[in-house]
Amino acid sequence: MDNQSDPEGAAESKPPQGNLAWLPAWLRRQPTWLKAALAMVLVIALGSTVYAFSQMGRGGSPAPTASGVSTAEGATATPSPTETATAPAPAPPAPPAPEPPPTALNILLIGSDSRGDFRAEEAQAAAGTPADQRADVLMLIHIPADRQKVYGISIMRDTWATIPGYGQAKINAGLELGGTPLMVRTVETLFNTRIDHAVMVDFKGLWDATNALGGVDVNVTVPFTSTHDTRHYFPAGINRLDGGAALEFVRERYAFADGDFQRIRNQQTFLKAFIGKFMSEGTLSNPSTVMLLVNTLRPYVLVDPGLTPETLVRLAYSLREVGPEDAVMFRLPDGGFGFSTDGQAIVYQNPGAVGAISAALANGTLADYVAANGFQGGN
């Protein structure tokens with residue numbers, strides 16, 4: 001898979017923000033189109049999906065008629081006031097080509113805590129150039145062929161794994177050593193499966209995205225004081241997080257006795273809360289808020305070239321019935337802690353769990369694995 005940044009020129013012109021007229025007609029009639037897009041990648045990277053929808057009017061979807069009104073799905077264009085009564089009626093659109101049966105998809109979500117300019121670093125990552133980047137979040141998103149659920153498998157960043165061409169190392173070293181292509185190959189090697197697409201998100205985008213939504217409510221089950229930035233205190237119970245607090249919430253690990261384990265739980269808690277807020281009726285019905293969020297996220301998101309607007313629209317439509325309650329997130333079970341021969345603190349793999357998940361991905365039985373292990377609500 002060739003992971004490269006999408007052309008910057010695609011972001012230069014923006015759709016109108018006051019209504020949804022710029023969307024294809026069939027999408028406007030679907031109240032769950034944003035819900036479907038959100039389910040696809042679960043969180044922040046989905047802003048790119050919504051942005052891609054806005055490009056369809058200029059790219060590859062129903063061609064506008066002379067009056068600028070789409071004739072998708074058999075609709076007829078309304079003549080403009082300046083047209084004469086004898087103007088020829090537009091030809092009926094050709095029937096759409098039948099879609100091939102859906103297949104399962106795997107998408108690697110990479111959360112990068114970049115040390116500098118994300119756009120500069122993303123170019124390095126896409127090109128496979130070593131850079132000062134670390135994959136602080138690794139999540140394999142699995143979308144089954146039946147499109148009834150979306151699964152997120154979090155991988156601890158210190159998991160000791162094979163980095164193709166480099167040998168054994170912490171799994172998140174893949175991004176630092178060889179950018180997005182090597183990070184993808186590393187996770188493919190771990191699960192012996194193909195990854196169809198990759199999405200990289202910079203943590204800094206959480207700040208503005210959370211503020212664009214007016215804050216996000218999370219249920220803090222383990223109270224703590226952050227060791228980052230403002231040393232924010234998170235009491236037990238529902239906390240309304242602004243952008244700065246959200247960033248401290250998902251970054252923290254030193255305040256917990258089990259370190260990365262609780263950090264992954266908090267990250268998943270935030271992702272679910274973020275999705276729920278974005279998919280709330282008030283947000284979905286306000287195009288200005290949607291586009292503000294999308295435009296806020298774009299500088300912090302890198303998607304591979306295979307996620308074209310057409311691909312995203314088809315995938316989103318296939319997920320139109322998926323909601324936040326259908327997102328299942330769990331952590332790849334580990335084999336305990338230890339040290340590498342050069343003294344690094346590492347997390348050992350659990351060969352049984354890796355093998356079982358690999359088989360479930362190959363056989364389309366991940367739902368059975370989750371049910372058998374009680375991971376419906378995480379672990």
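**Notebook: a first look around the chain**

I began with contacts (heavy atoms within 4.5 Å): among those between residues at least 6 apart in sequence, 69% join residues at least 24 apart. Before going on, I noted that this is a predicted model, where local features need pLDDT of at least 70 and side-chain atom pairs count only at pLDDT 80 or more, while totals for chains, interfaces and linings use all residues. Residues are numbered from 1 along each chain as its sequence is written, and side-chain values use heavy atoms, with hydrogens and water left out.

**Entry: the whole chain**

I looked up the secondary structure and got 13 helices and 14 strands. These are DSSP runs numbered from the N terminus, with helices being H or I of at least four residues and strands being E of at least two. Next I checked burial, and 51% of the 379 residues count as buried. Buried means under 20% relative accessible area, exposed means over 50%, and partly exposed is in between, with a 1.4 Å probe and protein chains only. The chain exposes about 16400 Å², and carbon and sulfur atoms supply 55% of that. That area comes from the Shrake-Rupley method with a 1.4 Å probe; for residues, only the protein chains shown count as cover.

**Entry: helix H7**

How many residues of H7 are buried? I found nine of nine in this helix, which runs over residues 243-251. Gly243, Glu248, Phe249 and Arg251 are among them. I then asked what covers H7. The cover includes helices H6 (204-212) and H8 (260-278), along with strands E7 (216-220), E8 (224-225), E9 (233-234) and E10 (237-241).

**Entry: the cores**

I looked for nonpolar cores, meaning sets of buried Ala, Val, Leu, Ile, Met, Phe, Trp, Tyr and Cys residues joined through side-chain atoms within 4.5 Å. The largest has 42 residues. Phe249, which I had just met in H7, is one of those with the most contacts inside this core, and so are Ile143, Val199, Val218, Leu241, Phe270 and Leu293. I also noted a second, separate core of 32 residues, including Leu138, Leu140, Ile155 and Ala360.

**Entry: a cavity beside H8**

A search of the whole structure gave me five cavities of 30 Å³ or more. On a 1 Å grid over the protein atoms alone, a cavity is a set of points where a 1.4 Å probe fits but cannot get out, and lining residues have an atom within 4 Å of a point. Grid points are joined across faces, edges and corners, and a volume is the space filled by probe spheres set on the points.

I picked the second largest cavity, which holds about 80 Å³ of space. Which element gives the largest share of its lining? H8 does, with four residues. Strand E2 (135-143) and H8 each supply at least two lining residues. Leu138 and Ile155 are in the lining, and I recognised both from the second core. Others in the lining include Asp136, Arg157, Asp260, Arg263 and Gln267. By class I got five nonpolar, two polar and four charged residues. Here Ala, Val, Leu, Ile, Met, Phe, Trp, Tyr, Cys and Pro count as nonpolar, Asp, Glu, Lys and Arg as charged, and the others, Gly among them, as polar.

**Entry: the loop between E8 and E9**

I stopped at aspartate 229, which lies in this loop. Its phi is near 45 degrees, a positive value in a residue other than glycine. Arginine 231 lies in the loop between E8 and E9 too, and has a positive phi of about 55 degrees although it is not a glycine. Are they exposed or partly exposed? Aspartate 229 counts as exposed because its relative accessibility is 51%, whereas arginine 231, at 48%, is partly exposed.

**Entry: single residues**

Serine 358 lies in helix H12 (residues 351-363). I have it as buried because its relative accessible area is 14%. Leaving aside neighbours within four places in sequence, serine 358 is in contact with Leu190, Phe191 and Asn192.

Glycine 306 lies in the loop between strand E11 (301-303) and helix H11 (309-318). At 31% relative accessible area, glycine 306 is partly exposed. I measured nothing by hand here: the model puts glycine 306 and histidine 197 at 6.9 Å apart, C-alpha to C-alpha, though they are 109 residues apart in sequence.

Last came glycine 378, in the segment after helix H13 (366-373). Glycine 378 counts as buried, at 17% relative accessibility. Not counting residues up to four places away in sequence, glycine 378 touches Met329 and Phe330.

Technical notes. 1 Å grid on protein atoms, 1.4 Å probe; cavity = no way out; pocket = protein on both sides within 12 Å on 5 of 7 lines; lining within 4 Å.
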